[in-house]
Amino acid sequence: MILACLFPLCLVLMAEVNQSGDWGIIGKLFLETPGILLFDVLVVVFLYGILSLLFRRFAPAAAVTSLFWYTVSCIEFYRYQSSGSHFTLYDLSVVTNLGDVMEFAEIHLYAFQFITLLVLALYCAGLFFLNPKIPVTKRHIIPGCSSCLMIAVLFVLFPGFSSTVYDVFGIEHGGINNNFVQEEKFEQNSMIAFLVENLSDVIQTTNIQAPDNYSEESIETLSVTPVDTKPQTSVKPNVITIMSESYADFRVFEDLQIEDSYYKNFDQFRKEGFSGNAIVPTFGGYTVRTEFELQFGLPIKSLNGTVSPQKLMTEEEQTTVASYYRSEGYSTTYIHPYTSKLYRRAELYPYFGYDRLYFEDSFINPGRFHGYIDDQSAYEKAVEQILIDEKPSYIHLTTMQNHMPYHTGSKSEFDYYMDGVAQTDEALGKLMEELKQIDEPTIVLYVGDHYPSFTENYSVYDRLSIDASNCRTMYQQHYFVWSNYDFQFDTNGEEYVSSFYLPWLLIDKIGLSKNEIIDIMLEQFQKDPVYTMEFQSEYSNEVLDTLTYDLIVGDKFSNYYLR
């Protein structure tokens with residue numbers, strides 16, 4: 001019985017060693033964070049206890065609990081080693097299966113993994129050999145399991161209760177969801193407490209509450225002035241929105257002394273067109289957050305800063321930027337030179353207003369760089385579509401070339417990444433040449449989705465002393481709007497603009513016909529040109545929040561009242 005009672009402590013220690021690869025974490029848990037160690041043990045006791053009641057034996061319960069936490073610890077270890085970011089339950093909300101979480105990980109086996117696995121296997125074997133049983137009758141099983149589940153529901157669904165518990169055990173909690181905050185939480189909480197606290201965050205951010213007084217009438221009154229729907233131009237240019245994977249201008253950090261040659265053609269686009277600073281809603285991953293803002297023209301902040309807006313959607317026609325262009329007589333195309341499985345793209349994007357979707361299987365003998373279809377092949381696909389379309393083209397292109405991991409034996413991760421930036425710049429030069437030769441007016445909106453994430457072994461952000469307290473720069477992306485004809489774009493003097501405004505500003509400057517939604521967004525741009533969780537975590541824009549709720553998770557009254 002003593003062996004069965006000590007099992008949760010053993011499992012906690014082995015799981016934490018396995019996720020960190022550091023035996024010294026045992027000393028840290030006992031000497032520096034004993035409250036968190038006790039909390040971790042209680043968490044394991046919870047699952048172990050329920051399974052023990054169901055099996056009425058400790059041994060099989062220990063085996064199942066060990067398998068679960070050992071697997072989670074391996075996922076965390078490889079996730080952090082490959083990307084520099086910790087495994088969170090948000091990751092499960094943006095993939096179709098658990099294997100997708102490990103999509104970019106490089107698997108190497110280590111001695112500590114065998115040792116921790118051996119310890120747990122021998123412990124479970126000892127329990128099977130001794131075969132201790134729980135001295136309870138069958139009629140106690142249901143009440144016991146029900147009581148445990150009630151505690152879990154209370155803990156997860158009532159933030160006030162869980163916050164009190166976290167404070168008692170010294171667990172860091174709350175704050176906005178970005179990699180720097182998550183890193184500080186993990187450093188303090190270690191894996192098990194970190195994941196439990198993260199579960200609370202996930203539930204709260206995915207539980208989108210309707211705005212006060214949300215109704216048909218409240219949507220109808222969002223637009224209070226008549227909208228002039230007549231187009232201001234007879235020219236309908238091709239529009240290409242390029243969201244460049246992990247692309248960032250590191251010259252903003254003078255200490256790195258990055259040469260301009262890496263951004264030669266990028267700078268030429270900016271010189272010939274308009275250049276500004278876009279505020280994107282993510283850093284180091286969760287591409288879909290920036291992609292959502294560019295495709296829907298709505299703020300992630302209005303959805304509690306969720307990392308997975310797709311999880312909130314149903315398979316029905318959506319009001320998007322692409323659907324607007326299609327209503328204006330455009331041929332609409334989505335291009336992403338990678339799998340269609342991530343972020344429910346294959347399921348949902350057919351409802352986003354696109355006439356066609358191109359994923360990696362649509363490319364014939366493409367060029368590759370660092371293992372991914374390169375940017376030049378992606379750009380050529382976009383130009384090819386323009387030449388095919390009989391109507392003006394609207395194309396959204398999400399590239400893949402510069403995605404992590406940035407692992408190489410001969411170069412640092414940062415140098416490996418910058419090689420990709422140079423390759424992208426070369427492709428941009430060829431894109432400009434091709435577009436200048438096309439006898440069709442064409443506009444390019446180009447922005448990086450987020451800064452890249454590097455592993456613990458080499459993090460340029462550590463060199464720059466960037467942490468949760470000073471990380472705003474990591475959400476600022478240089479972007480450009482360029483055209484091959486006489487077209488002027490501006491942001492009415494605003495230096496910083498949230499990325500979700502860019503599609504509407506572009507439509508306005510082109511002079512295409514407007515509707516009430518566009519008019520509302522342009523009005524809110526004048527009021528709050530930047531609206532993102534990382535900059536205004538406490539402030540709320542009622543109009544943006546109400547419109548976003550209605551179009552994404554509400555009753556879509558806007559489709560009837562705002563046209």
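Colleague: Which residue is the bridge partner of Thr241 in β8?

Modeller: In this predicted model, Thr241 has Leu445 of β8 as its bridge partner.

Colleague: What makes β1 and β8 count as a pair?

Modeller: Two strands pair if at least two bridges are found between them, and β1 (residues 238-244) shares 7 bridges with β8 (residues 442-448), in the parallel sense. The two strands therefore meet the criterion of at least two bridges.

Colleague: How do you know that β1 also pairs with β7?

Modeller: The same rule of at least two bridges applies, and β1 and β7 (residues 393-398) are joined in the parallel sense over 5 bridges, with Ile240 standing opposite Ile395 in β7. On its other pairing, β7 runs parallel to β3 (residues 331-335), again over 5 bridges, and here Thr332 stands opposite Tyr394.

Colleague: Why are β4 and β10 said to stand at the edges?

Modeller: The open sheet holds 8 strands in the order β4-β3-β7-β1-β8-β9-β2-β10, with mixed pairing. β4 (356-358) and β10 (496-498) each have a single partner strand, so one side of each is left without a neighbour in the sheet. From one strand to the next, the twist averages 20 degrees.

Colleague: What makes β1 a mostly covered strand?

Modeller: Buried means under 20% relative accessible area, and 7 of the 7 residues of β1 are buried. Both faces are covered, with Asn238, Ile240, Ile242 and Ser244 on one side and Val239, Thr241 and Met243 on the other. Helix α18 (residues 502-510) lies across β1, as well as β2, β8, β9 and β10, and runs at about 160 degrees to β8.

Colleague: Why does Arg344 count as buried?

Modeller: Its relative accessibility is 16%, and the cut-off for buried is under 20%, so Arg344 counts as buried. Arg344 is found in the loop between β3 and α14 (345-348), and, leaving aside residues up to four places away in sequence, Arg344 touches Gln310, Lys311, Met313, Glu315 and Tyr349.

Colleague: How do you know that the radius of gyration agrees with a compact globule?

Modeller: For 563 residues, a compact globule would have a radius of gyration near 24 Å, and the protein has 26 Å, which agrees. Along its principal axes, the C-alpha trace spans about 85 × 60 × 40 Å, and 58% of the 563 residues count as buried. Among contacts between residues at least 6 apart in sequence, 77% join residues at least 24 apart.

Conventions. Residues numbered from 1 in each chain as written. Predicted model: local features only at pLDDT ≥ 70, side-chain atom pairs only at ≥ 80, totals over all residues. Heavy atoms only, no water. Buried < 20%, exposed > 50% of the residue type's maximum accessible area, 1.4 Å probe, protein only. Helix = DSSP H or I, 4+ residues; strand = E, 2+ residues; numbered from the N terminus. Axes fitted to C-alpha atoms, helices over the stretch in contact; angles between N-to-C directions. Contact = heavy atoms within 4.5 Å. Rg over C-alpha atoms; globule rule 2.2 N^0.38 Å.
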